[in-house]
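Subject: Structure handover

Hi,

Here is the structure I promised to pass on. My notes on what turned up in it follow below.

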Amino acid sequence: MQDAAVARILAQHQTPAERLAALERSQEPEFAYGRHPGSDEAAEIAGAASYLQVMKRSWRAELASRDAGNPERRPGWEAFQREMDAFVPEVERTQPVWFLQADGYQVTGTNRDELNAIAAARERAPRDDPQQQLGITYQRDTMYAMLPDGAISRHTGTFDAGTTASAAAGWVDHVVRVHADADELRMRVTGVADDGAGNLTMHGTVLEGPVGNRGLAVGSTVELQKNRSTGLLTIGGEDAGDWNASFETFGYHQGRTRVNEGVGMQVAGAGTPEARNRGPRLAVDDVLFERIRDTYNNVEDPERGYARTLGPTRTRLNFNEAGWDVNVPPYRRLGGDAMFTEAEHPEPAPYDANLPVPGTVDVSNPNWYYDATNSMPDRFVGGRSSSSTLYMTAATMLVHEDRLELDEAKDLMAFAVADMVASGEHSMPECMTPVVLAAGSSEPWKETPLNISKETPPLTAWMHLVSPETRNEMRTEARAALQQVLENPAPDPQVVKGLTMVVKATNDFERNSNELTKAMSAGLNPTPAAAQRVAATADPRVRAAAAVRESDLDR
């Protein structure tokens, strides 16, 4: 029985203080993180919820401080929201929200008004609710606008046969991406010259992959010459043949390309159910919509009613009993688990709670995602892991454009993952698998603890994104909530276990962090994870199909 230890402690001790002390002392395997998928997910959800509770309380205090006339202190999620709101896309965002698009809900008309009301509600998030504030920005500006050459692509100019040297001179320190005869070169422009006859000469340094770069070493210098009259291009003195090019920001190159390559979005078969661990989709129509709505409205059912649970089939955590203000409005949970099913695993591997080390995953193998998740198939609902990748992509671009600090980006990722996990939209393994794989190959993340050097449970990896001060508040919050829950004569054992596991997991994380700090101060100098290279295909046919379409980014 999974809750035997909880039941035993509750029976042996009567007062909340005695129960709390017994739970904290207990060494029962039942309370150890990394042993059982259901218990592990309960701990991950409880950890995410305790974080959100702390962040919401901090945000409301910040709003009160601002209203009193004090200088603002913007958290990372707000910094991201502001920068995304200020971003002027080259392609206007004219698409409706995904469930009103042709490949979204196929409404017959009976739900049209309700769906439009839900879409409108997304644009009116309460000022004091950071969960919904961030959710609006993310959905509007990131998920729905992530189109090839669209809002996030940030192509800043065109380099073609007619480009003059004076025009190109304005792109020094930017990136030029040249496609020539099915090959591709990326280089940072260091100088542009006109030979007097109007012929353009461009000098630059070759950037890190994931392209062939015509065989040129990363960091080497290269010269491009374009003939004014013919438009012919030579690269390093060699005829480039048919070519086209564009100028881009460094943020686009690193944020979009490197992160996506790190999680295998540009490999053959990446969109197949087996590669993404996504099973067949249900018919997304009025019938499904009404079934989901009925599930949410059934508050009499403690296991499935929306008012008391995370969602139709997620691990249950009663936030109200814990005393937490974790709000998940219906528009954040339009079906998730009901719409997507997990691809079949004919021979699931024994349960392993750990995320793989980036360097051990070969994303050139179309089955890499299936293989990586085979050990925890019941925790990857349809492999819907794209959302955290999109957050990371956009944040990376903003960091490289000096519009977001790395600490702000980490704060954003901690908040975004917690929000998705507590909302029941994604599991923590779904969120953290692409995050740690991308951190192994993309700046600036590969210099952070996210570039893990050993297999790590998702909750532990996620806590690397959380500041020490917030982790301390999380532990205090979880302990206080646990004590409140224990005041109930018959508390929910799943809530008790989830909160106990969070208290223990945060304690373990702090103890391990302190031991690492002591080792470093003693001169033992533990070696951090080396920058990992995630293998990528060199097949030019794959690069040609690299565009990530809206329909490929299922939630």
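Proline 444 sits in the loop that links helix H16 (428-439) to helix H17 (458-463). The peptide bond leading into it, from glutamate 443 to proline 444, is cis, with omega near 0 degrees. Please keep in mind that this is a predicted model.

H16 itself deserves a look. At 1.5 Å a residue, its 12 residues should span 16 Å, and the end C-alpha atoms are indeed 16 Å apart. The helix is largely enclosed by the rest of the structure, because 12 of its 12 residues are buried. Among them are Met428, Pro429, Glu430, Thr433 and Ala439.

Cysteine 431 belongs to H16 too. With 1% relative accessibility, cysteine 431 counts as buried, since the cut-off for buried is under 20%. What does cysteine 431 touch, leaving aside neighbours within four places in sequence? The contacts are Ser388, Val417, Met420, Val421 and His426. Take Val417: cysteine 431 and valine 417 are 14 residues apart along the chain, and their C-alpha atoms are separated by 6.3 Å.

Next, the overall picture. The chain has 20 helices and eight strands. Of its 555 residues, 56% count as buried. Take the contacts in the chain with a separation of 6 or more: 73% of them come from residues 24 or more positions apart.

One helix pair I looked at is H4 with H15. Helix H4 (residues 76-86) packs against helix H15 (residues 406-422) at an angle of about 100 degrees. Their axes are 7 Å apart. That angle makes H4 roughly perpendicular to H15, because 65 to 115 degrees counts as roughly perpendicular. On the H4 side, the contact is made by Gly76, Trp77, Ala79 and Phe80. On the H15 side, Glu408, Asp411, Leu412 and Phe415 take part. By type, the residues of this contact divide into five nonpolar, one polar and two charged.

Two residues of that contact, Phe80 and Leu412, also appear around alanine 395. Alanine 395 is in helix H14 (residues 386-400). Is alanine 395 buried or exposed? It is buried, with a relative accessible area of 0%. Leaving aside neighbours within four places in sequence, alanine 395 is in contact with Phe80, Leu404, Ala409 and Leu412. The sequence gap to phenylalanine 80 is 315 residues. In space, alanine 395 and phenylalanine 80 are 7.1 Å apart, C-alpha to C-alpha.

Helix H8 (residues 250-262) is another covered one. Of its 13 residues, 12 are buried. The buried set includes charged residues: Arg256, Arg258 and Glu261 are in it. Tyr252, His253, Gln254 and Asn260 of H8 are buried as well. From first C-alpha to last, H8 reaches 17 Å. That is close to the 18 Å expected at 1.5 Å a residue.

Now a side-chain pair. Arginine 475 lies in helix H18 (residues 468-486). Its side chain makes a polar contact with the side chain of asparagine 507, at 3.2 Å. Beyond its neighbours within four places in sequence, arginine 475 is in contact with Val503, Thr506, Asn507 and Glu510.

Last, two backbone points to check in your own setup. Aspartate 173 has a phi near 80 degrees, a positive value in a residue other than glycine. Aspartate 173 lies in the loop between helix H7 (165-168) and strand E2 (175-180). At 53% relative accessibility, aspartate 173 counts as exposed, because the cut-off for exposed is over 50%.

Arginine 214 also has a positive phi, about 55 degrees, although it is not a glycine. Where is arginine 214? It is in the loop between strand E4 (200-206) and strand E5 (221-226). With 27% relative accessibility, arginine 214 counts as partly exposed.

Best wishes

Terms used
Residues numbered from 1 in each chain as written. Predicted model: local features only at pLDDT ≥ 70, side-chain atom pairs only at ≥ 80, totals over all residues. Heavy atoms only, no water. Helix = DSSP H or I, 4+ residues; strand = E, 2+ residues; numbered from the N terminus. Buried < 20%, exposed > 50% of the residue type's maximum accessible area, 1.4 Å probe, protein only. Axes fitted to C-alpha atoms, helices over the stretch in contact; angles between N-to-C directions. Parallel < 35°, antiparallel > 145°, perpendicular 65-115°, else oblique. Contact = heavy atoms within 4.5 Å. Polar contact = N/O pair within 3.5 Å; in protein donor to acceptor, adjacent residues only side chain to side chain. Expected span 1.5 Å × (residues − 1).
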